[in-house]
Amino acid sequence: HHWKDHQEKLQNWLNSISTVKTSEKCWMDSEEFIAFSPSKIFQAQLETLGLPETPKLFPTAEARLKFDTQFKASVLNSFPPGMTESVLENGTSNSHPLCLELLACPKNYNFRLHAHPSIELNIPLVGELWERRALKVQIPDSILQRDEPVKSTEDTFFDKPSDEELDKIV
């Protein structure tokens, strides 16, 4: 683990929080998936979580490369058959842009029943994350799809979905 030296401090901070903390979102473009650096984005997002002291988790180029390689392999290997090409070619899942976000959850936190309109990948840095899933429940794609197609901006990040679009899925 790249963050092993910081694990105790991170765990102590997690044990002190009583609500879920979220980082800024990073909306990804398909053209950038192979080239982007998850460690760079992750470190920047960590700064927005509200830790008393933000650790530098990837102090060397070697640590960044190792994390980036492992992260991308985890993402690509987690997709159901047939989805990898769609995500890489379009940068979307079920018409929604890919988003990277960090969550810090209090110990034993339970999320209410919810659905994601697109793929989801959880990689716990400290502790464990367990999900209860309604495996036989299917929501029609038409309910979860965006009203308008995703448009890429010049800086290769998508525009944030509108509040109305987010309200459909929350």
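This is a conversation about a predicted model of a protein, its helix α3, its aromatic rings and a few single residues.

Biologist: Before we get into details, how many helices and strands are there in the protein?

Modeller: There are six helices and five strands in this predicted model, and from the N terminus on the elements run α-β-β-α-α-α-β-β-β-α-α.

Biologist: And what share of the residues is buried?

Modeller: Of the 170 residues in the protein, 31% are buried, while the accessible surface comes to about 11700 Å², with 51% of that belonging to carbon and sulfur atoms.

Biologist: Let's turn to α3. Which of its residues are buried?

Modeller: The buried residues of α3 are A63, F67, D68, F71, K72 and V75. Looking down the axis of α3, one finds these buried residues within an arc of 150 degrees, so they line one face of the helix.

Biologist: What does that face pack against?

Modeller: The buried residues of α3 pack against α2, which covers residues 38-46, and against β4, which covers residues 96-100. On the other side of α3, the residues E62, L65 and N77 are exposed.

Biologist: How far apart are the end C-alpha atoms of α3?

Modeller: They are 26 Å apart, which agrees with the expected span, because the 18 residues of α3, residues 61-78, should span 26 Å at 1.5 Å a residue.

Biologist: You mentioned α2. What about S39, is that residue buried or exposed?

Modeller: S39, which is found in helix α2, has a relative accessible area of 1% and is therefore buried, given that buried means under 20%. Leaving aside residues up to four places away in sequence, S39 touches F58, R64, F67 and D68, and both F67 and D68 are among the buried residues of α3.

Biologist: Now the aromatics. How many aromatic pairs are there in the whole structure?

Modeller: A search of the whole structure finds five aromatic pairs. One of them is formed by F42 and F58, with 5.9 Å from centre to centre and 75 degrees between the planes, which makes the pair edge-to-face. This pair links distant parts of the chain, since F42 lies in helix α2 and F58 lies in the loop between α2 and α3, 16 residues apart.

Biologist: Are those two rings' residues buried or exposed?

Modeller: F42 counts as buried because its relative accessibility is 7%, and F58 counts as buried because its relative accessibility is 3%.

Biologist: What other pair can you describe?

Modeller: Y109 and F111 also form an edge-to-face pair, at 4.9 Å centre to centre and with 80 degrees between the planes. Y109 counts as partly exposed at 39% relative accessibility, and F111 counts as partly exposed at 36%.

Biologist: Which residues do ring pairs link into a cluster?

Modeller: Ring pairs link F42, F58, F67 and F71 into a cluster, and F67 and F71 are among the buried residues of α3.

Biologist: Changing topic, where is N108 found, and what is its phi near?

Modeller: N108 is found in the loop between β5, residues 103-104, and α5, residues 141-144. Its phi is near 60 degrees, a positive value in a residue other than glycine, and N108 counts as exposed because its relative accessibility is 68%.

Biologist: Last one: how many residues apart in sequence are N15 and C105?

Modeller: N15 and C105 are 90 residues apart in sequence, and their C-alpha atoms are 8.9 Å apart in space. N15 is found in helix α1, residues 7-16, and is partly exposed, with a relative accessible area of 44%.

Definitions and conventions. Residues are numbered from 1 along each chain as its sequence is written. This is a predicted model: local features need pLDDT of at least 70, side-chain atom pairs count only at pLDDT 80 or more; totals for chains, interfaces and linings use all residues. Side-chain values use heavy atoms; hydrogens and water are left out. Helices (H or I, at least four residues) and strands (E, at least two) are DSSP runs, numbered from the N terminus. The expected span of a helix is 1.5 Å times one less than its number of residues. Buried means under 20% relative accessible area, exposed over 50%, partly exposed in between (1.4 Å probe, protein chains only). The arc is that of the directions from the helix axis to the C-beta atoms. Contact means heavy atoms within 4.5 Å. Rings of Phe, Tyr and Trp (its six-membered ring) pair if their centres lie within 6.5 Å; planes under 30 degrees apart count as stacked, over 60 as edge-to-face and the rest as tilted. Accessible areas come from the Shrake-Rupley method with a 1.4 Å probe; for residues, only the protein chains shown count as cover.
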